[in-house]
Amino acid sequence: MSTSASCAVWTPRVLSILRIVSGYMLLLHGTAKLLGAPHVAMFDNLQIASLYGIAGIIELVFGALLLVGLFTRISAFIASGFTAAAYFIGHVATKGSLLFPLLNGGEAAALFCFIFLYIWMAGPGPWSLDAMMRKDKVG
């Protein structure tokens, strides 16, 4: 099998892996804030109505949806916008350096933003609940 043929076979599967892993990472941010697992000291005594509390809800809900691949495109679109806002509100506004995420600690937020933007455009991949539901409707 040629490299091109191998890539063509694996590209949709790797898209699913990218969605699963990035959804899991977003979900972990939400569980750390809201459920205390994994424990992050700065989230102790977090108020649910605070900016961090609302962020935790968004991370928990959309991270879980992305992890399983349900309502993937809309979830990825919302997650992309959310992480873009997190970059500007949590990193640029507090530490400056718009064009230097390394200096403001916003590398993860910037990467999440563009990963979720890509998933919004590319779709969930074959290993998703969305794909399973599509097959049921077609077959």
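These legends accompany close-up views of a predicted model.

**View 1. The largest pocket and the helices around it.** Welcome to the largest pocket, which holds about 700 Å³ of space. Its lining is made of 29 residues, and Lys-33, Tyr-52, Glu-59, Ala-86 and His-91 are the ones nearest the centre. Two or more lining residues come from each of helix H1 (3–34), helix H2 (51–68), helix H3 (72–95) and helix H5 (107–122). H3 contributes the most, with nine residues. By residue type, the lining of this pocket splits into 19 nonpolar, seven polar and three charged.

**View 2. Helix H3 from end to end.** Here we follow the 24 residues of H3, which span 32 Å from first C-alpha to last, close to the 34 Å expected at 1.5 Å a residue. Several H3 residues are buried, among them Thr-72, Ser-75, Ala-79, Phe-82, Tyr-87 and Val-92. His-91 is also buried, and it is one of the residues nearest the centre of the largest pocket. Just after the helix comes Gly-96, with a positive phi of about 70°.

**View 3. The largest nonpolar core.** Ten residues make up this core: Leu-15, Leu-26, Ala-55, Leu-66, Ala-76, Ala-79, Phe-82, Phe-112, Phe-116 and Ile-119. At least two of them come from each of H1, H2, H3 and H5. Take a moment with Leu-66: setting aside residues up to four places away in sequence, it touches core members Leu-26, Ala-76, Ala-79 and Phe-116. The other residues that Leu-66 touches on that count are Arg-19, Gly-23, Thr-72 and Ser-75.

**View 4. Thr-31 and the cis peptide bond.** Thr-31 belongs to helix H1. Because its relative accessible area is 13%, below the 20% cut-off, Thr-31 counts as buried. Beyond its neighbours within four places in sequence, Thr-31 is in contact with Gly-36, Ala-37, Pro-38 and Leu-60. Ile-57 lies 26 residues from Thr-31 in sequence, with 8.8 Å between their C-alpha atoms. Look also at the peptide bond from Ala-37 to Pro-38, which is cis with omega near -5°. Pro-38 sits in the loop between H1 and H2.

**View 5. Positive phi in two loops.** Asn-45 is found in the loop between H1 and H2, and its phi is near 60°, a positive value in a residue other than glycine. Asn-45 is exposed, with a relative accessible area of 74%. Phe-71, in the loop between H2 and H3, is not a glycine either, yet has a positive phi of about 55°.

Notes
Residues numbered from 1 in each chain as written. Predicted model: local features only at pLDDT ≥ 70, side-chain atom pairs only at ≥ 80, totals over all residues. Heavy atoms only, no water. 1 Å grid on protein atoms, 1.4 Å probe; cavity = no way out; pocket = protein on both sides within 12 Å on 5 of 7 lines; lining within 4 Å. Points joined across faces, edges and corners; volume = space filled by probe spheres on them. Helix = DSSP H or I, 4+ residues; strand = E, 2+ residues; numbered from the N terminus. Nonpolar A, V, L, I, M, F, W, Y, C, P; charged D, E, K, R; others polar. Expected span 1.5 Å × (residues − 1). Buried < 20%, exposed > 50% of the residue type's maximum accessible area, 1.4 Å probe, protein only. Contact = heavy atoms within 4.5 Å. Core = buried A, V, L, I, M, F, W, Y, C linked by side-chain atoms within 4.5 Å.
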